[in-house]
There are 2 protein chains.
Amino acid sequence: MSNPVLVEMLRGALVESRHRGALAVVDADGRRVLTLGEVERPIYPRSAVKPLQALPLIESGAADRYGLSAEELALACASHSGEPGHIATAQRMLVRAGLDASALKCGAHWPIHQPSAQALARGGGTATALHNNCSGKHAGFLCTACALDAERGTYIEPAHPVQRAVKAVLENLSGVSIAPEACAIDGCSVPTWALPLDALALAFARFGSGAGVAPERARAAARLRAACAAHPWHVAGTGRFCTEIMQRFGARVYVKTGAEGMFCGALPEQGLGIAIKCDDGAGRAAEVMMAATLARLLGSADRAALEPLLRPTLRNWNGIAVGGLRPTEAF
Amino acid sequence: MSNPVLVEMLRGALVESRHRGALAVVDADGRRVLTLGEVERPIYPRSAVKPLQALPLIESGAADRYGLSAEELALACASHSGEPGHIATAQRMLVRAGLDASALKCGAHWPIHQPSAQALARGGGTATALHNNCSGKHAGFLCTACALDAERGTYIEPAHPVQRAVKAVLENLSGVSIAPEACAIDGCSVPTWALPLDALALAFARFGSGAGVAPERARAAARLRAACAAHPWHVAGTGRFCTEIMQRFGARVYVKTGAEGMFCGALPEQGLGIAIKCDDGAGRAAEVMMAATLARLLGSADRAALEPLLRPTLRNWNGIAVGGLRPTEAF
């Protein structure tokens, strides 16, 4: 197995580093519109399936019962940067279900957003579970557990009703029955279930279009997509790729990053789903792979808006442009 | 060109990510002891050649003229973590040459060592050029410029006497004449000159053994090696790979990391030099590649000391072991 080089990093006149990867674009009937590399091997989707993990939050009735706002639904689908607005939103979600931050089982890390991390330290604060980029997802899991009247202390376990509901969503939308050995532990301690890229792309084609999906699930998906399109800053944060894409394209393009070079997305108008894995796990390359995939699928009028994300310039500590990333001719 | 997969990252039962790369181990006569992948293509060595960049500091007479200590010489070869002790040492070097931090042209970044970065913010401080991981190297360049009575404001330019001296050292030790187009700008704004991995390995075989090197240069190399072996914390910092290797093996193993997946090293007793490049630029994989190379070259008694670096465990935000890195059978 040798996936193609999809992204190159240049410095001066030479290619300094190379990133291989695979990707699948399929429609809601599972027809392949574009594939590069090996797309049938199971891959952990990590946070790239957060919007699918958030479907039980709506389907269980939790979102309505606790009156979750669109911003809060967007944060349930987010890998957020830990900026003050993200923290406040996560806290509000917990309060709505009568909980506080002590219920979160995601573990603590410092905010991804460096100025926010520095401000936190400057104020004498320290990293908490609220700053974890997954705290919105976990707050959503807790709201779901409360609505289901399930145990709150074990919501991260594979056998818990919330995680079983998530697994059922993934199997339903991807059309794949997940084997027990395809389960691993994610960075925030919930299960991550491995699925082939083509099946993940199918799941996102269905998530994005509602085609071939039961009406209640299609409505839940549309509600999450609308929430993210309306509040793209809540899905990632200042300067982040997912936020910039959804700020530019609104409801026309849905994208979600995941750790270890994962990216999923959907083009609802075209009924297409996208799943990308950078072999080596580099987020910088997975972003360029997603931008190049979108550039191929969108019209020429949209390509100019993608250019800064398609060929990002790399600057050094003095702000000097020393090189950049670019997609290869494989696209 | 397709270099072999040298390192795998596992999560649960599956390989989640893969890192390809190339490496060369040669003796001081240029005989290849071990090569994997393509080793004749020019590669930017980045900070992996810092000890070679520090040779003019001694050869120019600057180290003696300013009475630099062994700790200061080690810091001149370092990509340090910006811990308070590193900052104090860099400041001392500048003071010895009658300068201060305003002379540094490396640019500012926050300390790599996260507790030090947080303490800096907590105290109301901010990132300065002293915290840049290259500040010791730059302080060494400035000392050299002063000893050569050269301009201080332009010491980062390729045409400056300090950088020309560095280039001459690289050409002498590697046996390669560097073409003008092989020059790019490093993260700290000094030139980085591309050299093939086999030539870099030869340069380190000579740096490590002194074989085939003019006596004055061989003495300068031995002095830098001794300084780093005596003060491995000054070469990187708390918990860092280079520091841990040199703490374990002392003068028997010299290793130096560089950005974008570079690693160089030497086994002085065996007269061998090592140069490694992870194709995708991942430092985590370049470290495992170096550990696996050392495990192959050192005796079985030394292998146990390498084990934690050879197969590092990956833990999530709750400290749960979720996977790990391992070298492939290519080694």
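Colleague: What makes B:Cys264 count as buried or exposed?

Modeller: Buried means under 20% relative accessible area, exposed over 50%, and partly exposed in between, with a 1.4 Å probe and protein chains only. B:Cys264 has 0% relative accessibility, so this residue counts as buried. This is a predicted model, in which local features need pLDDT of at least 70 and side-chain atom pairs count only at pLDDT 80 or more, while totals for chains, interfaces and linings use all residues. Side-chain values use heavy atoms, with hydrogens and water left out, residues are numbered from 1 along each chain as its sequence is written, and chains are lettered from A and ligands numbered from 1 in the order in which they are written.

Colleague: Why is no bond assigned to the sulfur of B:Cys264?

Modeller: A disulfide is a pair of cysteine sulfur atoms within 2.5 Å. The closest cysteine sulfur to that of B:Cys264 belongs to B:Cys242 and is 10 Å away, which is therefore too far for a bond.

Colleague: How many disulfides does the structure hold over all chains?

Modeller: There are zero disulfides over all chains. A:Cys228 is in none, and its nearest cysteine sulfur, that of A:Cys77, lies 4.0 Å away. A:Cys228 is also buried, because its relative accessible area is 0%.

Colleague: What makes the two copies related as by a two-fold rotation axis?

Modeller: Copies are superposed by least squares on the C-alpha atoms of residues with pLDDT of at least 70 in both. A turn of 180° and a shift of 0.0 Å along the axis lay chain B on chain A with an RMSD of 0.0 Å. The two copies are thus related as by a two-fold rotation axis. In chain B, the C-alpha nearest the axis, at 2.0 Å, is that of B:Arg122. The same surface serves both copies, as 98% of the contact residues of chain B recur in chain A.

Colleague: How many residues are in contact between the chains, and what area is buried?

Modeller: With contact meaning heavy atoms within 4.5 Å, 49 residues of chain B are in contact with 48 residues of chain A. The area buried between the chains is about 3,900 Å², of which carbon and sulfur atoms give 48%. Buried area is the accessible area (1.4 Å probe) that two parts lose on being put together, summed over both.

Colleague: Why is the pair B:Glu16 and A:Arg46 called a salt bridge?

Modeller: A salt bridge needs a side-chain nitrogen of Lys or Arg within 4 Å of a carboxyl oxygen of Asp or Glu. The side chains of B:Glu16 and A:Arg46 meet at 3.1 Å, N to O, and so form a salt bridge by that definition. The count between chain B and chain A is four salt bridges.
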